[in-house]
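Trainee: Could we go through this structure together, step by step?

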Amino acid sequence: MPFARLANATTPTSHIGLGLAAVGRPGYINLGREEDLGAHRTVEALRTRTHELLDAAYAQGVRYFDAARSYGRSEEFLADWLKSHPDLDDIVVGSKWGYTYTADWSADAETHEVKDHSVQTYDRQRAETANLLGDRLDLYQIHSVTPDSPALTDKELHAKLAELAATGVTVGFSTSGPAQADAIRAALTVTVDGEPLFRTVQSTYNALETSAGPALAEAHDAGLTVIVKEGMANGRLAEPYAPDALKAVAEETSLGTDAIALALILREPWAGVALSGAATAGQLASNLHAAVVDLNDDQLARLDALAEDPHVYWEKRGRLPWH
């Protein structure tokens, strides 16, 4: 598996990845986006920003980079950067299929992405990803599997994904919604010719949304690499939006609320990679401090109390506007 490269890495930041959701398109649901990106969000402006973030991340030890077909031009931006760094052979590149980007580079579009887990969408998006990332793609994930997703029961799709896995590309899935744990456990039962199909899972887990934790531990025990997304809860755990308890712990440790939030993920024994969704180099540098955070029992207890009911958390997330 390509993730052996991360497991064998010795730098603390090798287990923090860079997700490109926030910089691959002009609109997203992260809080504080106006301050992060400003009004100048042309294709070339965000291409340049993405390349600068990738440069900074690699220089500081980050080795996993995460894109998706629905993240605007994230695959294109990443592919351009990879072509300019052909000598980098120690990184892992992941992308996702299952959502189609429909905003046409507008932050004000009525619909930004459309979900479809059909075989037809897989065939189309797999070809699009291959055209951009070619043999640099290490991981291909089904985007946002829920318990009712046809991707969990479609045998034709499973056969095609197994064919992809046979070429050396790791096959995984991501989850979203209040029933993430159910989706994870259902995906763990999917097999092709008696062998488990999925080798990675990417789920939302953070100080406010911890419900997937036990299922992610089960996935880890089953041999899957666990990737954690939305560790900052789409900005709800960043200054100035963070809860008071998180701000207090950050002050006690002389670090940012973002570093504390990501450190909570990294301390979980099942967490293989925690994604930074940084949109600026400063945010990235602050995020990477998570690798050296040491929290005491009292601080952990105060932070544990922040967890929300998953239905409440996802209802709040669903109300976040696209900026």
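Mentor: Let us begin with a term: a polar contact is a pair of N or O atoms within 3.5 Å; within protein, one must be able to donate a hydrogen and the other to accept it, and residues adjacent in sequence count only if both atoms are side-chain atoms. Helices (H or I, at least four residues) and strands (E, at least two) are DSSP runs, numbered from the N terminus. With these terms, aspartate 309 caps the N-terminal end of H13, since one of its side-chain oxygens lies 2.8 Å from the backbone nitrogen of histidine 311.

Trainee: What kind of model is this, and how are residues numbered?

Mentor: The model is predicted, so local features need pLDDT of at least 70 and side-chain atom pairs count only at pLDDT 80 or more, while totals for chains, interfaces and linings use all residues. Residues are numbered from 1 along each chain as its sequence is written, and side-chain values use heavy atoms, leaving out hydrogens and water.

Trainee: Back to H13, then. Which of its residues are buried?

Mentor: Helix H13 covers residues 310–318, and Pro310, Tyr313 and Trp314 are buried there. Buried means under 20% relative accessible area, exposed over 50%, and partly exposed in between (1.4 Å probe, protein chains only).

Trainee: Where do they sit around the helix?

Mentor: Seen down the axis of H13, the buried residues fall within an arc of 90°, so they line one face. The arc is that of the directions from the helix axis to the C-beta atoms. An α-helix has 3.6 residues a turn, so residues three or four places apart point the same way.

Trainee: What covers that face?

Mentor: The cover over the buried residues of H13 includes helix H7 (180–188) and strand S10 (200–204). This rests on contact, meaning heavy atoms within 4.5 Å.

Trainee: Changing topic: what about glutamate 230, buried or exposed?

Mentor: Glutamate 230 is buried, because its relative accessibility is 14%. The residue lies in the loop between strand S11 (225–229) and helix H9 (244–253). Its side chain makes a polar contact of 2.8 Å with that of threonine 204. Beyond neighbours within four places in sequence, its contacts include Tyr28, Tyr313, Trp314 and Arg317.

Trainee: And proline 240, buried or exposed?

Mentor: Proline 240 is found in the loop between S11 and H9, and it is exposed, with a relative accessible area of 55%.

Trainee: How are the strands arranged?

Mentor: A closed barrel of 8 strands runs S1-S2-S3-S6-S7-S10-S11-S12, with parallel pairing. Two strands pair if DSSP finds at least two bridges between them. For instance, 4 bridges join S3 (residues 92–97) to S6 (residues 139–145), and glycine 94 has leucine 139 as its bridge partner in S6.

Trainee: Which helix lies across S3 and S6 at about 150° to S3?

Mentor: That is H5 (residues 119–133). Axes are lines fitted to C-alpha atoms, for helices over the stretch in contact, and angles run from 0 to 180 degrees between N-to-C directions.

Trainee: Finally, how many aromatic pairs are there?

Mentor: A search of the whole structure finds 8. Rings of Phe, Tyr and Trp (its six-membered ring) pair if their centres lie within 6.5 Å; planes under 30 degrees apart count as stacked, over 60 as edge-to-face and the rest as tilted. Tryptophan 97 and tyrosine 122 form an edge-to-face pair, 5.1 Å centre to centre with 65° between the planes. Tryptophan 97 lies in S3 and tyrosine 122 in H5, so the pair ties together parts 25 residues apart in sequence.
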